[in-house]
Each structure stands twice: as C-alpha cells, then as structure tokens.
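Trainee: Could we go through this model together, starting with its cavities and then the chain contacts?

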Amino acid sequence: MSDAAMTDRRGRKYLTAALLALFALALFLFTLFNGLQ
Amino acid sequence: MSDVAHAHGHDDHGHHAHPAGFMRWLTTTNHKDIGSLYLIFALIMLFAAGAMALMIRAELFKPGLQLVHPDFFNQLTTMHGLIMIFGVIMPAFSGFANWQVPLMLGAPDMAFPRMNNWAFWILPVAGVLLMTSFLLPGGAVAGGWTMYPPLYIQGGISYDLTILAVHIMGLSSIMGSINIITTILNMRAPGLTLMKMPLFCWTWLITAYLLIATMPVLAGAVTMLLTDRNFGTHFFNAAGGGDPVMFQHIFWFFAHPEVYILILPAFGIVSQIIPTFARKPLFGYASMVYATASIAILSFIVWAHHMFTVGMPVAAQLFFMFSTMLIAVPTGVKVFNWVATMWRGSMTFETPMLFAIAFVCLFTIGGFSGLVLAIAPVDIQLHDTYYVVAHFHYVLVSGALFSIFAGVYYWLPKWTGHMYNETLGKWHFWLSVIGMNIVFFPMHFLGLAGMPRRIPDYALQFTEFNQIATVGAFIFGFSQLLFLAVVLKTIKGGAKASSKVWEGAEGLEWTVPSPAPYHTFETAPVIK
C-alpha cells in the first residue's frame, strides 16, 4: 500500500465513525419506538 | 503474522509538553496512558466487587442469618454483578485494547484520541454513582444485575442513579467501540491486511461491533424503565397495561451478546499467548476468525434461553434451545485449535501460559454446563439455582478474569520494562486456580440439589458445600493481593525486559523497546 493510499484510508476515519454512531443512535430510537407499540 | 520489514520504536522526543501529576492523566490522549487508566480502574473495582463477594460468601458460611441484613445481602449480590461486569471485565479488556491494538497494528495511536479520553473519564463517574448509592436512603439497588421490573420500578433513588450509571457506562462503551473499529479498519500499517492481523485485534473488532449493536438496546430498555419510574409511563408496569416480560426480552437481547463481549477478547488474549509459549503459529487462524464471527452472529438469536421459565410456545423453546447448542460448534473449533496449537509444541509454562491453559480447561467446563442449561426442560428445573451461578462463574472467572491475569503477566514487561517475579506469579496462579475451583465446583451440586441463588439463608442440607465454597472464596479472594503485589513490584522495578520479551512471541508490539515508548509508530512500519 502506498503512502497516499494509507493517508486516504486514515482520512476516511470520520466517515467510519459517523456511520457507526448513526447506527447506534438509530438502534436506540428503534428500541424506544418498539416499546411504544 | 508476516515479517516486519522495519519497525519504528521512537523514544519520547518531548515534542509535546505534557502536564504533570493528575492533570497529565486527566488530559491525556495517549493510548498507553488511557490503557493504563482503564486497567487501574478495573483493578480498583475488582477489589471493591471482590470484597462484596467475600461478604456474600461469609454470610453463606452457615444457614441462618449471620452477618448482614437480607436486604443488604441483595444489594451485595446486585452490585457485585453490576460492578464485575461493567466495572471490571469490560474496562480491563478496554485497557488491553487501548494498549495493544495500536501497537499490534503499527498505528501511532487510536483513531480518535480525544474521544478515547472522554470514553475513559466518564467511567469513574458511573463507578462513583454506583458505589455511593450504598450511602443513600434505602441503600443500593437490590433487584439483581438484570434490572427486572417490577423491582426496578418500585425501588428508591439508588435505582435512578444505577440507570444513569448504566447509561454512562453504555456511552463509554459505544465511544470506545467506535474508536476501536475505526482504528482497526482505518489505521492499520501498510501491508497489514485484515487476515494478517493478530487474533486479539480480530476478537476486539467483533466485540466492538457487538457492543455497538447491543448497548443502544440496553440504553433504550433502561430509558423506558426511567420513564416508568419518573414520568408515568407503563412500558413494563403490568398494572398500567405494560409488559414486564417485554423488558426481559429486550434486556436479554442485549445481555446474551454481552456475555460474548465479556469472553471474545479473552479468546483473543489466549490466542496470542498459547502460540508464544508453544513456539508454534496459531493452528487454524482463519477458522478462528470465522468461529469468532459465528459466535457473535449466533449470540443475537439465543436470548430467550435465559427466560424459558416465563412460558413460551414449544416451537420457540426448541428454536432457542437448538440455536444455543449451535454455539458449541464454533466454540469447539476454538478449543480444538488451541489444543492443536499446543500439540507437539516446545511448550514452557510461564505464568501467562499457566493461566491460558487453565482458561482452556476451565472455560470448557463452563461451556459444557452452558450446554446443560440450554436444554429447555433441564433449564426449567435449574433456573435461578446455584447451578447457573456455577456455570457463569466458570465462564467469567476462569474464563474472562483468568485471561485478564494471563494478559497482564504476558504484556506487563512490555508496559513497564521490567520482568515480573515468576515465583510470585506462579503462587498467584496456583492459589487462584485451586481457590476458584473450591468456590465454584461445589455450586454445581448445590444447584442440582435445588439451592436457589440470591438468598442469604438456606436449608440445612446445603451447609457442607456452602462451607467448602466459602473457604475457597477466601483463598481465591486473598490470593488476589498477591497479584496486586506482583503488579506493584513490577511497576517499581525488577529485571530489565528486552524488546522481545518472550522467545516465541510474534508481532509488531515486540519490535518496540520495553517499556514501549510514549509515542510509537509515528512512521508506519511496512508489513511484507
């Protein structure tokens, strides 16, 4: 892997983290929503 | 692990001015510092929750009420469980992840160092909330670590504090997991493909996914508990049309994967240690990865085996029974691979290896008793008996806790730069392994004979086995002071450790000096 490719992969860390945080938040809301059913 | 073309271990060049004293630890964003903080926190909580366990066992030495009020006994069992799970095992594994994952991947730090700091420092807040609830009117929570309504709807102010603490600990775990997943996916050194990663990183990657997929569910469940308690909702309140059994379903949808959150990193640690001391590569690396992933996936479809007694259709019982048994297959693959790694290896038996071998033998006992409990008609008989207590302590003490001891002995020389005292380490091992079996093996018989769990008093016929268990508990408990002594002695001094502490050790962490410099891999190593 070239240095540029590694930099590129490390730069995507924010996207990875944002997607994971979004998933966690959605799951929390989904659990609450199911409780309301 | 493939060969390392060149590794970079940098000394601390002092290119950051570090604050001194407490502020250094409060503001640190260094993965090694934060790893140490997690491990210190876990050690303190281990002694707190261990003291509670000894009080429980002292009370149970004889039938009748001896030392503590029954309500305080219930507080002790509840807090022992909550603290051991959320305050000891999980933070300890997070400590290992913080220390080892960047070192193993050739990364300079975790992906989000500031979030890493926050993920740790909210944890002591939760710990204080839990521990101080003993001092509140009505005492600490006494409804069991499972937080079932209606008890958790009816209790006093400490129940609100516990719910808040669980929220905080969950948030800490989610932040930690996002950091670990992002570090593993985005920060690996060039050439280090996923299938070349040390197994410890794989097990933590899968554990982190489990945490992200379950902690929000727990957060949802306890939020509903909180609104039931304080805002007049009736999610779980049968009197208002709610369903307490729904809480059990939601809780165990979190808590069964939680069991694997507590054991998968242990699998990773043991998978690092056994090849080192057998001086052979891990047998079946790829199958270990797939087995770990299989266990994680299966863990989402077995939750109702914890609640067979609530009553469910036979088809549901059969589904949960067989899906639970299915987990034995990938677990068996792992045990087979550990044994196959040792087979005809040039084995030596230093303390980490002793704990790892004890892990393989004793965790397997816990696994087998889990299979027994998976059988629905048997479980209905054994539900809430000491057989269950014996089962999960074989998994969590000789499983999770022993792997933590193994990992500490294995990596302590890398962390401190000093070798630990092998003689004291071996004393700690033998006292722990003997003590642990004396505590928990008789509990199988107590459970089979029908002794219920979570009671301060019991019928006369259970006396002998309880007395044996209590003696074992004190042997096991006090032998942990030896562990504390070994750790403190090693931090203070001792024989100098080389960079490759163990002859058979492989991996990037062994290419940097011991102790590992404050900053490592600022220039990424290249993996061939």
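Mentor: Sure, terms come first: Ala, Val, Leu, Ile, Met, Phe, Trp, Tyr, Cys and Pro count as nonpolar, Asp, Glu, Lys and Arg as charged, and the others, Gly among them, as polar. This is a predicted model, where local features need pLDDT of at least 70, side-chain atom pairs count only at pLDDT 80 or more, and totals for chains, interfaces and linings use all residues. Residues are numbered from 1 along each chain as its sequence is written, chains are lettered from A and ligands numbered from 1 in the order written, and side-chain values use heavy atoms, without hydrogens or water.

Trainee: How many charged residues does the lining of the largest cavity have?

Mentor: A cavity is a set of points on a 1 Å grid over the protein atoms alone where a 1.4 Å probe fits but cannot get out, and lining residues have an atom within 4 Å of a point. Among the residues closest to the centre of the largest one are B:Tyr38 and B:Ser173. By class its lining has 13 nonpolar and 7 polar residues, and as for charged ones, none.

Trainee: Which element gives the largest share of the lining of the second largest cavity?

Mentor: That lining includes B:Leu82, B:Phe86 and B:Gly87. With 4 residues, the largest share comes from α3(B).

Trainee: How many residues of chain A are in contact with chain B?

Mentor: Contact means heavy atoms within 4.5 Å. On the chain B side 31 residues take part, and on the chain A side the number is 19.

Methods: On a 1 Å grid over the protein atoms alone, a cavity is a set of points where a 1.4 Å probe fits but cannot get out, and a pocket is an open set with protein on both sides within 12 Å along at least five of seven lines; lining residues have an atom within 4 Å of a point. Helices (H or I, at least four residues) and strands (E, at least two) are DSSP runs, numbered from the N terminus.
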